Amino acid sequence: MKKGSWMGLAVALLTAGCSATRHVDHGDYALGETQPEGTNFGAMFDAAAKEFGVPAELLKSIAWTETRWQMVVGEDEVGQDAAYGLLALRGERLARGAALAGLDVEEVRTEPLANLRAGAALLSADAEAFAIDRASLADWAEVVAEASGIEEFDGRQSYVLGEVYRALQQGIATELMSVSALDVIANYPAADGSLTPGPDYSGSVWRPSPNNSARPAGSSGKPSMVIIHTCEGSYSGCWGWLKNSKSKVSAHYVVSPDGGEITQLVREKSKAWHISADYKCSLNSKNKCDLDGLASNNFTIGVEHAGYASQSAWGDGLLESSAKLVCDMSKAWGIPRDKFHIVGHGQLQPYNRIDPGKAWPWGKYLGLVDAACSGGAPPPAPENPPPSKPPAPEDPPPAPEEPPSTPLEFVVDTNNSFNTKDALCVIPSTWTASNNVSGYFNTGYGWRSVGPTTDLVEFRVKLAAPKKLKVQAWWPAASDRSSSTPFHVYNSNQVQLDTVYVDQKKNGSKWVELGTYTFTAGWNVVAVSRWTSGSGVVVADAVRFTEVK
């Protein structure tokens with residue numbers, strides 16, 4: 001379809017009422033706030049599916065599996081690209097889908113219909129490549145497996161049979177849209193049904209990951225905290241990636257979106273690789289300061305949850321299942337059931353993580369954990385794992401040592417108390433510190449009126465060797481901001497690599513890419529200047545540098 005006909009399709013749907021929005025709570029899930037109103041939501045799926053010769057029910061079921069029909073804006077997590085839209089398109093597939101549908105990538109990221117058209121175009125292209133019978137819904141299973149992005153067979157099998165086709169067989173009923181139950185059996189190898197219970201939690205499925213290592217001896221290696229994560233993706237995609245040796249990451253557990261299944265990947269006595277931050281008690285109300293400077297992985301248990309930090313609510317089934325799991329840990333290891341020992345990933349690694357997000361109901365969740373334990377105080381931690389737990393298969397042989405954080409990443413904040421020794425912000429006294437506009441990165445930001453002097457705020461990062469780094473900036477957007485704020489990029493030899501002008505009236509409260517550059521050993525700089533055209537104020541908040549392999 002040419003772009004003109006795409007615009008015609010969009011106008012027709014919007015004229016029919018697709019542009020209205022609402023927040024809909026339905027049963028175990030809450031949809032986001034960007035969902036089109038009423039039956040025209042389904043019409044978007046139908047139109048995209050018809051255009052590219054894809055079964056509409058299949059497109060709806062894939063979107064349900066990925067996002068519960070939310071327009072998500074994902075985060076970079078566990079080494080995967082951020083996901084966008086109803087179909088959680090990411091990375092190369094997002095770009096390829098946009099090209100196949102004749103769309104801009106930004107449209108696919110932000111517009112529901114564009115996201116569906118790009119996803120449908122991908123499915124259609126894969127169907128052509130696999131030469132399937134398009135009229136047979138069962139034969140689309142191989143296309144669904146390819147769409148999952150999962151490399152290992154057991155993860156693909158779970159995604160196809162246990163999520164997408166299971167939803168088709170059971171049907172989906174919400175206030176927003178329904179999919180009738182279908183009598184369909186996927187043309188895909190069936191699981192043999194022999195699932196092994198997790199070695200530490202009998203209510204889980206054991207899917208061992210090689211991405212683990214030994215905890216240090218003594219109190220610094222005893223599990224004493226639980227970290228709550230979001231997968232930024234589907235359930236099968238999450239555990240499928242965490243057990244893949246290529247990922248170099250893992251967690252101890254993953255909870256499905258309805259709480260119906262939990263995967264255990266790493267023994268609790270072993271160290272999973274789920275948080276790439278050293279512990280700072282200043283981020284946790286000065287609790288457990290004896291652990292300051294130690295790798296947080298050493299003494300924490302990581303629990304991933306299928307879903308996204310940007311979603312507007314979390315289902316009761318997921319919360320209750322997760323709470324029972326955490327209760328079990330608290331009893332096994334003597335972990336206090338409070339907000340200082342059950343914490344979010346973003347709390348301990350605030351410079352580049354926000355999960356589980358603003359919608360995570362901490363008060364309710366901790367209450368559920370306590371209720372699962374019948375309100376009793378946890379017992380003292382035993383020296384060894386409790387004997388009441390049955391013997392279980394051992395982990396695969398651990399890696400020789402935990403790899404360094406992948407990729408290398410620095411976040412430089414205007415508040416230097418949050419910066420590492422290799423990161424520094426130099427901000428002149430002529431700039432005003434503020435937190436008046438919400439959406440700033442950490443504790444606030446600096447601002448300065450546009451004027452004919454540079455008056456630079458310097459975000460510096462020190463490298464031991466030359467590296468190729470992606471540079472991103474964060475700012476709180478507002479109407480009084482400059483539409484052409486300059487960011488100057490320099491290597492350690494003071495050679496200017498680039499100047500990028502950004503419109504700070506928009507794209508606030510998220511990481512915005514400035515470019516990718518090869519930096520030299522020593523102190524490299526990204527500087528914000530006030531010398532630009534127009535009027536308003538420029539804002540300096542935070543800059544992130546991420547290694548590009």
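Biologist: Which residues of H2 meet H6?
Modeller: From H2 (residues 40–52), Met 44, Phe 45, Ala 48, Glu 51 and Phe 52. They meet Pro 112, Leu 113, Leu 116, Arg 117, Ala 120, Ala 121 and Ser 124 in H6. The model is predicted.

Biologist: What makes these residues a contact?
Modeller: The cut-off is heavy atoms within 4.5 Å. The listed residues of H2 and H6 meet by that rule.

Biologist: What classes of residue make the contact of H2 with H6?
Modeller: Nine are nonpolar, one is polar and two are charged. Glu and Arg count as charged, so Glu 51 and Arg 117 are the charged pair of classes here. Ser counts as polar, so Ser 124 falls in that class.

Biologist: How do the axes of H2 and H6 lie?
Modeller: They come within 9 Å and cross at roughly 35°. The crossing is right-handed.

Biologist: Why is H3 called oblique to H8?
Modeller: H3 and H8 pack at an angle of about 120°. Roughly perpendicular covers 65 to 115 degrees, and roughly antiparallel needs over 145. An angle of about 120° fits neither, so H3 is oblique to H8.

Biologist: How far apart are the axes of H3 and H8, and which way do the helices cross?
Modeller: The axes are 8 Å apart. H3 passes H8 in a right-handed crossing. On the H3 side the contact includes Leu 58, Ile 62 and Trp 64. On the H8 side it includes Tyr 159, Val 164 and Leu 168. By class, the contact of H3 with H8 has eight nonpolar, two polar and three charged residues.

Biologist: Which element gives the largest share of the lining of the second largest pocket?
Modeller: H8, with nine residues. Helix H3, strand S8, strand S10 and helix H9 are also among the elements supplying at least two each. The pocket holds about 910 Å³ of space. Of its 38 lining residues, the closest to its centre are Ser 158, Gly 162, Glu 163, Arg 166 and Glu 261. The lining has 15 nonpolar, 14 polar and nine charged residues.

Biologist: What makes a space a cavity and not a pocket?
Modeller: In a cavity a 1.4 Å probe fits but cannot get out, whereas a pocket is open. Three cavities reach 30 Å³ or more. The largest has a volume of about 160 Å³.

Biologist: Which residues are closest to the centre of the largest cavity?
Modeller: Arg 68, Pro 257, Ala 306, Gly 307 and Gln 311, of 20 that line the cavity. H3 gives the largest share, four residues. By class the lining has 10 nonpolar, eight polar and two charged residues.

How values were computed. Residues are numbered from 1 along each chain as its sequence is written. This is a predicted model: local features need pLDDT of at least 70, side-chain atom pairs count only at pLDDT 80 or more; totals for chains, interfaces and linings use all residues. Side-chain values use heavy atoms; hydrogens and water are left out. Axes are lines fitted to C-alpha atoms, for helices over the stretch in contact, and angles run from 0 to 180 degrees between N-to-C directions. A crossing is left-handed if the near helix is turned anticlockwise from the far one by less than a right angle, and right-handed if clockwise. On a 1 Å grid over the protein atoms alone, a cavity is a set of points where a 1.4 Å probe fits but cannot get out, and a pocket is an open set with protein on both sides within 12 Å along at least five of seven lines; lining residues have an atom within 4 Å of a point. Grid points are joined across faces, edges and corners, and a volume is the space filled by probe spheres set on the points. Angles under 35 degrees count as roughly parallel, over 145 as roughly antiparallel, 65 to 115 as roughly perpendicular and the rest as oblique.
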